[in-house]
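Student: I would like to go through the labels attached to this structure and check each one against its criterion.

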Amino acid sequence: MESSSEGVARVDDGGVVEDPAHTEASTPETAAPEAIMPETATPEAIIPGPVVPDSVATAVAAKAPASLSPSRAGDFMQCPLLYRFRVIDRLPEKPSPAATKGTLVHAVLERLFDAPAAERTAPRAKSLIPGQWDRLRESRPEVVELFADDPEGERLAGWLVEAERLVERWFTLEDPTRLEPAERELFVEAELESGLRLRGIIDRVDVAPTGEVRIVDYKTGKAPRPEYAEGALFQMKFYALVVWRLKNVVPRRLQLVYLGSGDVLTYDPVLADLERVERKLLALWEAIRLATETGEWRPRPTKLCGWCDHQAHCPEFGGTPPPYPLPVTLPVRAAESEGGAQGRMGPG
C-alpha cells in the first residue's frame with residue numbers, strides 16, 4: 001500500500017477547532033505500560049492554551065460534553081474525575097516536554113510530504129525542525145516556559161536533538177519517497193444513530209490504487225508490551241469506526257509507528273471489531289451522561305496519578321474539586337438505580 005488516490009474521509013466542518021486527540025502522551029515516555037489498563041486509550045495530553053485562573057476558565061468554558069474523541073474517552077476510562085477537570089472545568093495544564101516534542105515531530109512529518117518524493121530525505125526533515133519549532137512557539141507561546149530556566153539554551157538544544165533522532169528513526173520504519181498520503185492531519189467527525197458525535201484527527205491516511213485504506217498514527221514514545229497492545233489500538237479502532245460510518249469503508253489496516261522504540265504495530269480490523277467499539281463507546285457515553293447529570297465524578301487512583309496536573313483539586317491527594325459548574329438534574333441514587341456505575345466504568 002505504497003501509493004494513494006482520493007481522500008477517504010474529508011469533512012467540511014466549517015472551521016475546525018483543534019481536537020487534542022492527535023497529540024502525544026501526557027505521561028513521560030518512560031511511564032510503565034502496565035499503568036494503562038488493557039482496552040483503554042493511552043492517556044493523551046492537551047498542549048493547553050494560555051493559563052488563566054480556574055474561576056475564569058470555568059466561567060467561560062463550562063458546558064456539558066457534546067462529543068467524544070479517543071483522548072477524552074481514554075481520560076474517562078482512566079479516571080472520570082480527570083475527564084471532568086479537562087472537559088467540563090477546563091482546568092489549565094502546563095505543557096510537558098514529551099507532549100510538546102510529540103507535537104513538533106508530528107508537524108515535521110506532516111510538512112515533509114509537501115516536498116517532491118525524491119526530496120523527502122532525513123536531512124531535509126531535520127532541517128524543518130527549527131522552523132516548525134518557531135511556528136509552535138508563535139501559535140502556543142506557553143511552550144516557551146518549558147525552557148524559561150535555560151538561559152544558555154543547553155536543555156533546549158538537547159531537546160531539539162532528541163526530536164531530530166525521532167525524525168531520523170522514522171526513516172528506518174517507513175520510506176516517504178514511496179508514499180503519497182491521501183490525507184494528513186485529517187479532522188474526522190461522524191454522528192452515530194444514537195446522536196453521539198465522534199471526532200478526532202488522523203495523522204495520515206493512505207489509499208492504495210485498489211482502494212484499500214490504511215490509517216497511520218505516529219507515536220514518539222515506546223511501543224507497549226504485547227499484553228497491552230490492544231489498549232494501544234483503541235484509538236485506531238475509534239478512527240476506523242468513524243471512517244466506516246462516514247464512508248461505509250472498513251480500513252484495511254491500522255498502523256501505529258513508535259518512533260521512541262523503532263516498532264511498528266499493525267492490525268487489520270474486521271466489521272465485528274468496529275461494531276464492538278461502537279457498543280463500547282455508547283456505553284461509555286451513557287456513563288459520561290449520568291456523571292454529567294449527577295455531578296458525581298469519581299477519581300480512580302492509578303500509577304498515572306503521579307503525573308497528573310490536578311492533584312491540588314483531587315480528593316485522593318487531599319484536594320477539593322472546584323464547585324461543579326453545571327446544573328445537577330439527576331440525583332446520584334436515581335442514577336445508580338438506572339444501573340449507572342459511572343465511577344467504575346472499566347475497560348470492558
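Tutor: What follows is a set of questions on labels in a predicted model.

Student: Why is the pair of tryptophan 170 and phenylalanine 171 called edge-to-face?

Tutor: Their ring centres lie 5.2 Å apart and their planes meet at 70°. The limits are centres within 6.5 Å and planes over 60 degrees apart, so the pair is edge-to-face.

Student: What makes tryptophan 170 buried and phenylalanine 171 partly exposed?

Tutor: Tryptophan 170 has a relative accessible area of 0%, and buried means under 20%. Phenylalanine 171 is at 21%, which lies between 20% and 50%, so partly exposed is the label.

Student: How do you know that tryptophan 170 and tyrosine 218 form an edge-to-face pair?

Tutor: The centres are 6.0 Å apart, within the 6.5 Å limit, and the planes are at 85°, over 60 degrees, so the pair is edge-to-face. Tryptophan 170 is in helix 7 and tyrosine 218 in strand 3, 48 residues apart, and the pair links distant parts of the chain. Tyrosine 218 has a relative accessible area of 3%, so this residue is buried. Phe113, Trp170, Phe171 and Tyr218 form one aromatic cluster.

Student: What makes strand 3 mostly covered?

Tutor: Of its 7 residues, 7 are buried. On one side these are Val213, Ile215, Asp217 and Lys219, and on the other Arg214, Val216 and Tyr218.

Student: How do you know that strand 3 pairs with strand 2 and with strand 4?

Tutor: Pairing needs at least two bridges. Strand 2 and strand 3 have 4 bridges and run antiparallel, while strand 3 and strand 4 have 6 and run parallel. Isoleucine 215 is the bridge partner of valine 205 and stands opposite leucine 254 in strand 4.

Student: Why is aspartate 203, in strand 2, said to have no salt bridge?

Tutor: The nearest side chain of opposite charge, lysine 219, is 6.4 Å away. A salt bridge requires 4 Å or less, so the distance fails the test. Aspartate 203 is buried all the same.

Student: What makes the contact of aspartate 203 with histidine 106 a polar contact?

Tutor: The two side chains are 3.0 Å apart, and the limit is 3.5 Å.

Student: How do you know that arginine 245 sits over the ring of tryptophan 244?

Tutor: The charged end of arginine 245 is 4.3 Å from the ring centre, and the distance limit is 6 Å. Lysine 237 likewise lies over the face of tyrosine 267, at 4.7 Å from the ring centre.

Key:
Residues are numbered from 1 along each chain as its sequence is written. This is a predicted model: local features need pLDDT of at least 70, side-chain atom pairs count only at pLDDT 80 or more; totals for chains, interfaces and linings use all residues. Side-chain values use heavy atoms; hydrogens and water are left out. Rings of Phe, Tyr and Trp (its six-membered ring) pair if their centres lie within 6.5 Å; planes under 30 degrees apart count as stacked, over 60 as edge-to-face and the rest as tilted. Buried means under 20% relative accessible area, exposed over 50%, partly exposed in between (1.4 Å probe, protein chains only). Helices (H or I, at least four residues) and strands (E, at least two) are DSSP runs, numbered from the N terminus. A charge sits over a ring if NZ of Lys or CZ of Arg is within 6 Å of the ring centre and within 35 degrees of the ring normal. Lys and Arg count as positive and Asp and Glu as negative; His and the chain ends are not counted. A polar contact is a pair of N or O atoms within 3.5 Å; within protein, one must be able to donate a hydrogen and the other to accept it, and residues adjacent in sequence count only if both atoms are side-chain atoms.
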